[in-house]
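Here are my notes after going through the model with the sequence alongside. Have it open while you read, and follow the points in order.

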Amino acid sequence: MKFNIALLAGDGIGPEVIDQAVKVSDAVAKKFGHDITWKPALTGAAAIDAVGEPYPDSTHDVCVAADAVLFGAIGHPRYDNDPSAKVRPEQGLLKMRKKLGLFANVRPTFTFPSLLDKSPLKQERIEGTDLVFLRELTGGIYFGEKGRRDNGETAFDNCVYTRAEVQRLAKKGFELAMTRSKKLCCVDKANVLETSRLWRETVQAMEKDYPEVEVSYEFVDAVAMRLVQWPNSYDVLITENLFGDILTDEASVISGSMGLMPSASMGTDAALFEPIHGSYPQATGLNIANPMATVLSAAMMFETAFNLPEEGKAIRNAVNKALAEGIVTEDLADGGKAYGTKEVGDWLAANI
Ligand SMILES: NC(=O)c1ccc[n+]([C@@H]2O[C@H](COP(=O)([O-])OP(=O)(O)OC[C@H]3O[C@@H](n4cnc5c(N)ncnc54)[C@H](O)[C@@H]3O)[C@@H](O)[C@H]2O)c1
């Protein structure tokens, strides 16, 4: 098969980890007889530097025309440390998600047998964890009206959701639950927030369409605790944008590192695959970032965007083998030998 893949490397460690995902994907294409054309495009601080905005129209055009988008990360300390900056890399991320209609971010959390003893959490608690967050990605507080009043002394960020936004995300959640253990948890804060009450009432109304799915409703603060206490009790979790952002970072502790967490963003006009981590500026150019989250995002791309599970499995097998054999970057080295980002990528590509 032939694929055009938009390649948005972004900032910080983005280009380094993306290079490894490209290498590994090319190895998969070679092994299975596919033909990938990569279409690089600018985003984030790199795009601001080049053309003055973080998600230019030219990049959008490349994404829309592609069969899938592979994305690294954006963000730069220059902007993080300047709250008054008018144009920011993160605006590009939000604009990209909105313009591509990427409303559902799929974030799987699972454990790797060879890393169980390295987790700060007790092995017997996390063993066998296999859960998926479906985070709403184009609504809520990140997209609501925001600003200052009272001469800058008061700040506000509005959180807004429509029933239709909740329904389309929840529908994906119910459908995903049907393919798994038929358990769905709706994470909200319905005891306090009106948007959460809309979430809960909307999901409750949809239950009758999926009689086989057992739905639970839990407050986000309780989930934050139970997630690290009994992660095995969850399967599919649906949640709004901000809660999902925070809980999935927390969930990375179960897997072992932020550098291991892939994601897929699905929507109306495109499918985008990206690690959940950011641009990890401290590691930029040092060849120390873990490329596995991005490589596993490429596995999700083969599996979900191209419906090629064997290709995805070849990548997952290589990652599992690397972890078992200790071919890891410093975040997972635990005092042992740490390999470079590029060396791990080379190893994975050679072991496809
Ligand atoms: N999707 C995105 O592009 C995205 C997401 C989150 C943050 N950001 C941006 O990234 C910048 C840095 O943010 P941050 O420090 O909060 O988050 P971050 O995810 O970049 O880094 C947080 C920590 O996670 C670990 N980590 C992250 N990626 C890793 C990898 N590949 N290998 C090993 N360890 C890794 C490191 O310990 C790091 O200090 C900011 O500008 C922020 O706005 C972008």
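1. Start at D188, where a polar atom of the side chain lies 3.1 Å from the backbone nitrogen of A190. This is a predicted model, so please read every distance here as computed from it. The side chain of D188 has a second partner to look at: a polar contact of 2.9 Å joins it to the side chain of R200. D188 itself lies in strand 8, residues 183-188.

2. Is D188 buried or exposed? D188 counts as buried, because its relative accessibility is 1% and the cut-off for buried is under 20%. Setting aside residues up to four places away in sequence, D188 touches S196, R200, E218, F219, V220 and F243. So R200 turns up both in that contact list and as a polar partner of the D188 side chain, by way of a side-chain to side-chain pair at 2.9 Å.

3. Follow the contact to V220, which lies in helix 9. V220 counts as buried too, at 14% relative accessibility. Which residues does V220 meet, leaving aside neighbours within four places in sequence? They are V187, D188, K189, F243 and L247. V187 is worth a click: 33 residues separate V187 and V220 along the chain, yet their C-alpha atoms are 5.5 Å apart. F243 is in contact with V220, and F243 is also touched by D188.

4. D221 is found in helix 9 as well, which spans residues 220-229. With a relative accessible area of 45%, D221 is partly exposed. Its side chain makes a polar contact of 2.7 Å with the side chain of K189. K189 is also in contact with V220.

5. D221 brings us to the UniProt record. The unreviewed entry carries a "binding site" annotation that covers R97, R107, R135 and D221. These positions are spread over 125 residues of sequence, and they are spread in space as well, with up to 26.5 Å between C-alpha atoms. I'd keep that in mind when reading the annotation.

6. Where does R135 sit? R135 is found in strand 5, residues 130-136. R135 counts as buried, at 2% relative accessibility, whereas D221 is partly exposed. Not counting residues up to four places away in sequence, the contacts of R135 include R97 and R107, both of which are covered by the "binding site" annotation. Among the other residues that R135 touches are F103, Y142, L169, E240 and D245.

7. Now the ligand. How many residues surround the ligand? There are 20, and the closest are I74, D80, E90, G278 and Y280. By type, the shell divides into 9 nonpolar, 7 polar and 4 charged residues. Strand 3 (68-73) and helix 5 (89-99) each supply at least two residues of this shell.

8. For polar pairs with the ligand, look at E90: an N or O atom in the side chain of E90 is 2.5 Å from an oxygen atom of the ligand. Backbone atoms take part too, with a polar backbone atom of G278 at 2.7 Å from a ligand oxygen and one of S279 at 3.0 Å. The protein covers 71% of the 810 Å² of accessible area that the ligand has on its own.

9. Two backbone angles deserve a look. Most residues other than glycine have a negative phi. N287 has a positive phi, near 60°, and N307 has one of about 55°. N287 lies in the loop between strand 12 (271-275) and helix 11, while N307 lies in the loop between helix 11 and helix 12. N287 is partly exposed, with a relative accessible area of 30%; N307 counts as exposed, at 61% relative accessibility.

10. Last, helix 14, residues 341-350. Which of its residues are buried? They are T341, V344, G345, W347, L348 and A349. An α-helix has 3.6 residues a turn, so residues three or four places apart point the same way. The cover over the buried residues of helix 14 includes helix 1 (14-32), helix 11 (292-305) and helix 12 (309-325).

Conventions:
Residues are numbered from 1 along each chain as its sequence is written. This is a predicted model: local features need pLDDT of at least 70, side-chain atom pairs count only at pLDDT 80 or more; totals for chains, interfaces and linings use all residues. Side-chain values use heavy atoms; hydrogens and water are left out. UniProt positions are given in the numbering used here, feature names are shortened, and annotations may be inferred rather than shown by experiment. Helices (H or I, at least four residues) and strands (E, at least two) are DSSP runs, numbered from the N terminus. Buried means under 20% relative accessible area, exposed over 50%, partly exposed in between (1.4 Å probe, protein chains only). Contact means heavy atoms within 4.5 Å. A polar contact is a pair of N or O atoms within 3.5 Å; within protein, one must be able to donate a hydrogen and the other to accept it, and residues adjacent in sequence count only if both atoms are side-chain atoms. A residue is near a molecule or strand if one of its heavy atoms lies within 4 Å of it. Accessible areas come from the Shrake-Rupley method with a 1.4 Å probe; for residues, only the protein chains shown count as cover. Ala, Val, Leu, Ile, Met, Phe, Trp, Tyr, Cys and Pro count as nonpolar, Asp, Glu, Lys and Arg as charged, and the others, Gly among them, as polar.
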